[in-house]
Amino acid sequence: MLRSNNKIADDGTSARPLQEGRALVDSLIKVVACYRHLASCVGGCTDSSSLRRDLQKTRERAQTLALSCRNHLTARLRDKTLPDDERKETERLWVAFSSCLELLHTDMCKVFTLVKCFSPGCNSTMVQTGIQGGTTEVVARALSLPDLQETNNDAQTSSMEGKEQSQLEEEIAQVDCTLEDMELKVNVLRWTVEAQEPQYVDPVSTDSASLALLSINEETAERFCDRSQMFMAMIFCAVAIFAVLLSVCVVLLG
């Protein structure tokens with residue numbers, strides 16, 4: 001009985017770090033997706049100082065999560081006593097984490113380029129995309145901050161913009177170094193990692209849906225053929241009536 005209890009406790013303890021890794025990666029994916037949404041608004045009609053602050057908050061949160069994910073997954077993958085099934089799952093989390101970090105690096109470079117071309121203080125240069133509304137609610141959900149309030153102070157000097165650009169450049173270099181450091185510490189070949197998530201099923205690709213679609217196409221084709229035949233019959237009748245009238249007129253006039 002004691003052995004059985006110890007085994008159950010060991011299984012729960014070993015599964016806990018794996019769940020923590022999943023939670024960290026899921027949180028990072030959500031924050032990076034939020035940052036990508038905010039990055040698409042830079043230079044548009046919704047661009048403002050509030051958007052720039054939201055970008056900074058989201059970026060800082062993403063870097064904090066990325067550091068936690070890197071430390072957690074690195075320690076797990078460098079553990080020689082890790083079981084094979086947990087190692088495979090941790091490798092999948094590592095691939096998801098590294099891909100997410102690469103997307104963050106790409107979006108940060110995109111924002112760095114756009115902020116040099118568009119200033120929140122000059123609305124005339126913004127692209128009128130037609131998008132309305134703020135981004136504070138999106139950031140609050142991604143960062144799990146329900147009390148995040150939007151400020152209306154859009155005053156931002158050129159010195160502040162230059163400071164933010166230099167800070168963003170340093171953060172881009174830091175993420176780049178993190179990606180290189182990850183490849184040196186843990187060598188996980190992405191093409192050897194097999195995905196285990198359930199695939200999305202295309203309803204059109206099923207046999208029943210394909211047969212239903214084929215029957216609908218056949219019915220449409222039959223209706224089109226019937227209409228074409230009726231149209232040709234009407235034209236033939238009109239030509240025949242015109243020929244009869246023409247022959248009658250020739251006989252009467254002759």
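Is T178 buried or exposed in this predicted model? T178 is buried, because its relative accessible area is 16% and the cut-off for burial is under 20%. The residue sits in helix 5. With neighbours within four places in sequence left aside, T178 is in contact with R70 and L101.

**Overall fold**

The protein chain contains six helices and zero strands, so written from the N terminus the order of elements is α-α-α-α-α-α. Of its 254 residues, 30% are buried. Taking contacts between residues at least 6 apart in sequence, 81% of them join residues at least 24 apart. The chain has an accessible surface of about 17,300 Å², and carbon and sulfur atoms account for 59% of that area.

**Nonpolar core**

In soluble globular proteins, nonpolar side chains tend to be buried together. The largest nonpolar core here has 38 residues, and the members that touch the most others are L28, W94, F97 and L101. Two or more residues of this core come from each of helix 1 (2–39), helix 2, helix 3 and helix 5. Helix 3 is the biggest contributor, giving eleven residues.

The surroundings of L28 can be listed. Apart from neighbours within four places in sequence, L28 is in contact with A62, L65, A66, C69, F97 and C100. F97 is thus named twice, as a contact of L28 and as one of the core members that touch the most others.

**Empty space**

Rolling a probe the size of a water molecule over the atoms shows where empty space is left. The structure holds one cavity of 30 Å³ or more. The table sets the largest cavity beside the second largest pocket.

| Space | Volume | Nonpolar lining | Polar lining | Charged lining |
|---|---|---|---|---|
| Second largest pocket | About 150 Å³ | five residues | four residues | one residue |
| Largest cavity | About 140 Å³ | four residues | three residues | four residues |

Which residues line the second largest pocket? They are Q63, T64, A66, L67, R70, L101, L104, Q174, V175 and T178. Helix 2 (49–77), helix 3 (84–115) and helix 5 (158–185) are the elements that give two or more residues to this lining. The largest share, five residues, belongs to helix 2.

Several of these lining residues appear elsewhere in this report. T178 has contacts with R70 and L101, and T178, R70 and L101 are among the residues that line the pocket. L101 is also one of the core residues that touch the most other members. A66, another lining residue, is in contact with L28.

The largest cavity is lined by eleven residues, and those closest to its centre are R52, R59, V115, E164 and L168. Its lining draws two or more residues from each of helix 2, helix 3 and helix 5. Which element gives the largest share of the lining of the largest cavity? Helix 5 does, with five residues.

**A loop residue**

C117 lies in the loop between helix 3 and helix 4 (136–142). C117 is exposed, because its relative accessible area of 56% is over the 50% cut-off. V42 is 75 residues away from C117 along the chain, and the C-alpha atoms of C117 and V42 are separated by 9.9 Å.

Conventions:
Residues are numbered from 1 along each chain as its sequence is written. This is a predicted model: local features need pLDDT of at least 70, side-chain atom pairs count only at pLDDT 80 or more; totals for chains, interfaces and linings use all residues. Side-chain values use heavy atoms; hydrogens and water are left out. On a 1 Å grid over the protein atoms alone, a cavity is a set of points where a 1.4 Å probe fits but cannot get out, and a pocket is an open set with protein on both sides within 12 Å along at least five of seven lines; lining residues have an atom within 4 Å of a point. Grid points are joined across faces, edges and corners, and a volume is the space filled by probe spheres set on the points. Helices (H or I, at least four residues) and strands (E, at least two) are DSSP runs, numbered from the N terminus. Ala, Val, Leu, Ile, Met, Phe, Trp, Tyr, Cys and Pro count as nonpolar, Asp, Glu, Lys and Arg as charged, and the others, Gly among them, as polar. Buried means under 20% relative accessible area, exposed over 50%, partly exposed in between (1.4 Å probe, protein chains only). Contact means heavy atoms within 4.5 Å. Accessible areas come from the Shrake-Rupley method with a 1.4 Å probe; for residues, only the protein chains shown count as cover. A nonpolar core is a set of buried Ala, Val, Leu, Ile, Met, Phe, Trp, Tyr and Cys residues joined through side-chain atoms within 4.5 Å.
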